[in-house]
Amino acid sequence: MVADDAAQPLLDLPAAVQPSLLQGFPDRKQQSGPKFAGHLPVARVLVESSLPHLDRPFDYGVPASLDNEAQPGVRVKVKFNGQDLSGFIIERVAEPDAGHSLLPLAKVVSPVPVLTPEIRDLATAVAARYAGTVSDVLRVAVPPRVARLEKTLPAARESGGAQEPAAEAALRQPGNTRADVTGHSAWADYRNGPAFLRHLSEGGAPRAVLNPLRGFGTSGWPHLLAQAVAAAFESGRGALVVVPDNRDLDLLEDAVKGLLPEDAVARLTAEDGPTPRYQNFLHLLAGTARVAIGTRSAAYAPVKDLGLVVCWDDGDDLHIEQRAPYAHAREVLLLRAEQAGAACLLAGHTRSTEVQRLVETGWVLPVEAERGIVRRSVPRVVNTADSFEQERDPLARIARLPGAAWRAAKEGLERGPVLVQVARAGYVPSLVCETCREPARCGACQGPLALAGGGSAVPQCRWCSTPALEWGCSHCGGRRLRKGATGVMRTAEELGRGFPGKTVITSSGDHVKASVGPGKSLVVATVGAEPVAEGGYAAALLLDGDSLLRRENLRAGEDTVRRWFNAAALVRPASDHGLVVITASETSAVGALLRWDPPGYARRELSLRTELQLPPAVRIASVTGPRAAVEHFTAAAAAHLQPAGISLRTAGPAPVLLSGPPSSRRVGDDVRTLLFFPYAQAAAVTRVLRATRAATAAKRSAEPVQLRLDGVDVL
DNA sequence: TCAATCCGTATC
DNA sequence: ATACGGATTGAC
């Protein structure tokens, strides 16, 4: 099951305190100056320190003057080992843990209890799942305070009645009746879809996987998700949706606000800045907003009476938090759904292998469209492997497009906008080895080689600028280079010449366009930056497929398929002459797109991983650091696992492949060891990894290592 | 015998 | 991390 390794009682709250220790307590209380509160004078505080062995509550005395404000969940300042640290009050208790004197709380930072018991439990479970510290998780979960906002808000703790008006007002809104939500909705296209919505609106907790067929219009994914949210809302519960980026968030927000009262919806994303983020966070705490939508850290939003969690496009690696312990929003939401007894919807144009695993364990049920409906809803997809060099039409050669692709674009432009998906941004084309097609790497720093701008013929490194005069392929020993994927600007320019008189719009990098109009323009976008076209694209060309597939990453295939479907879902249905042309050699990935079969691809991919015993068929931990530290850590962990009869399959230690500019490189030669273990043992293994790390940190018997669980980028 | 130093350990 | 105590070592 998902949360097989959930909820170790990390914050082990002692059941009883030894009487002998208690006897000394009243004396100390009197001798230590300040008078502590009469009732529950002890506050258990989780201090904000990322030291793994300090990740537990410490007891402080509550000065009588702070008795009212020092409630569980508030942020406090305490003296800890001589320094001032900030932390959260976890609970108020009558007696301290053990026989030592209590320091008083230094200060209550704010009387707002920003850490609810539910989120504390969630953070505890996430820390256990990822062998990290609760403190690190809380740093992500609770947004930074903006003091000014607390003055204007009604006392957050008295929230009870405030939530009712919003919910009732929503139900009274016309067009928001149950019949509308479950009947004339896009969900009717999916077998079990109406049943899923009905179950939700009746207060149930169904768990579903959905691959929406459309990325635009009223049957597009934002509307499907919004209707699920509305159904949960209708049952009197709250909902939470996490999307990978702000563009998706904008689309979702429009759809959700079309169905629910505007102030019932809170938008949470770091990009909006601290003030609106904290404002919306406070609205959720107070219960005035019942639905949270946002990017990855919104998975921790304090939604009251949570009835539904939704993760959109979980295969997008933006869902992975960049701070320790690197939790994936999908996993956070799964833990949360289990803890809250909430419904769960995992939706995306494709199905990730992780979700496929959940389908196969029976944890979620697919909500799928009949083949007939699929065929009616999606564009026609064709593959062409022919080369532009053989094309007889000179314009096709100028556009550097294969003949079939060029003709599809030309015909598409008669009917509407045409999308061209290309591999990466930038005018500078990257270089690959002519014989093995591996990306050419710099001999000095392993950075990517490129032809420098300004017409210089000498390839040079894009990181360190070293000219590659005597280049040799580190992979196969080849000595000749050829151009790899061509950048958008260049593609756009060439396409413009191939389609004289047509408008060319580009979307890439930091110039991403959210949407384009229905006009007959050519839209060149890098992978993932495709604008939504009003009314859908007439055609899409998916170029550079082979170079996407060639990435030496365990997930290259899965990720490429995801990006193809995300673009293809923006194209009109075949019945409306929608056409997708893909230029890639025949593979299972291409086959999945031709048949429009994301579940089939996920099944196949997961069975391959199962055969090889690679994630997500098994779980992994990567241990990175100086060789001695890594070896010490893995040996210690193995020793601790021995008594439990667990022995881990390991790979490495191997030198870490540097994937970043030299400036971000760490001094010393780090190595990495991978540990593989089955889900059934995950709880025991993560517990041991955490304990091992705490022990090495406390004793400083070795340098610290970076510990990362289920990182998708390490293989 | 005392002080400077090292090492290990707890931090409410 | 960092401050503290107990042990260890070196010099008077």
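Q: How do you know how confident the predictor is in chain A of this predicted model?
A: Look at the pLDDT, the predictor's confidence in each residue on a scale from 0 to 100. In this predicted model, chain A has a mean pLDDT of 84, and 83% of its residues reach 70 or more.

Q: Where is the pLDDT below 50, and how many contacts does that stretch have in the model?
A: Residues 155-183 are one such stretch, and they have 45 contacts beyond near neighbours in sequence. Residues 659-667 also stay under 50, and there the model has six contacts beyond four places in sequence.

Q: What makes a residue count as near DNA strand B, and which residues come nearest?
A: The test is a C-beta atom, placed from the backbone, within 6 Å of the strand. Around DNA strand B there are 15 such residues, and Phe58, Asp59, Phe80, Asn81 and Leu103 come nearest. Two elements, β2 (57-61) and α23 (682-699), give two or more residues each to this surface. The most comes from β2, with three residues. Sorted by class, the surface has eight nonpolar, three polar and four charged residues.

Q: Why are α19 and α20 called roughly parallel?
A: Helix α19 (residues 556-568) and helix α20 (residues 588-595) pack at an angle of about 25°, and their axes are 9 Å apart. Angles under 35 degrees count as roughly parallel, so α19 and α20 earn that name. The crossing of α19 past α20 is right-handed.

Q: Which residues of α19 and α20 meet?
A: From α19 come Gly557, Thr560, Val561, Trp564, Phe565 and Ala568, while α20 brings Ala589, Ala592 and Leu593. By class, this contact has seven nonpolar residues, two polar ones and no charged ones.

Q: What makes α20 roughly antiparallel to α21?
A: Here the angle is about 155°, with the axes 8 Å apart. The label roughly antiparallel is used for angles over 145 degrees, and therefore it fits α20 and α21. In this contact, Ser588, Ala589, Ala592 and Arg595 of α20 face Pro598, Gly600, Tyr601 and Arg604 of α21. Four of the contact residues are nonpolar, two are polar and two are charged.

Q: Why is α3 called oblique to α12?
A: The axes of helix α3 (residues 117-129) and α12 cross at roughly 130° and come within 10 Å. Roughly parallel needs an angle under 35 degrees, roughly antiparallel one over 145, and roughly perpendicular one from 65 to 115. An angle of roughly 130° fits none of these ranges, so α3 is oblique to α12. As for handedness, α3 passes α12 in a right-handed crossing.

Q: Which residues of α3 and α12 meet, and what are their classes?
A: On the α3 side are Glu118, Asp121, Leu122, Ala125, Val126 and Arg129, and on the α12 side are Glu331, Val332, Leu335, Arg336, Gln339 and Ala340. The contact has six nonpolar, one polar and five charged residues.

Q: What is omega for the cis peptide bond that joins alanine 324 and proline 325, and where does proline 325 lie?
A: For this cis bond, omega is about 5°. Proline 325 lies in the loop between β10 (306-312) and α12 (329-340). A cis peptide bond also joins proline 615 and proline 616, with omega about 5°. The loop that holds proline 616 runs between α21 (598-612) and β25 (619-626). These bonds are worth pointing out because most peptide bonds are trans.

Q: Why point out the phi of aspartate 305, and where is this residue found?
A: Aspartate 305 has a positive phi of about 45° although it is not a glycine. Most residues other than glycine have a negative phi, so a positive value stands out. Aspartate 305 is found in the loop between β9 (291-294) and β10.

Methods:
Residues are numbered from 1 along each chain as its sequence is written. Chains are lettered from A and ligands numbered from 1 in the order in which they are written. This is a predicted model: local features need pLDDT of at least 70, side-chain atom pairs count only at pLDDT 80 or more; totals for chains, interfaces and linings use all residues. Two residues are in contact if their C-beta atoms, placed from the backbone, lie within 7 Å. Helices (H or I, at least four residues) and strands (E, at least two) are DSSP runs, numbered from the N terminus. Ala, Val, Leu, Ile, Met, Phe, Trp, Tyr, Cys and Pro count as nonpolar, Asp, Glu, Lys and Arg as charged, and the others, Gly among them, as polar. Axes are lines fitted to C-alpha atoms, for helices over the stretch in contact, and angles run from 0 to 180 degrees between N-to-C directions. A crossing is left-handed if the near helix is turned anticlockwise from the far one by less than a right angle, and right-handed if clockwise.
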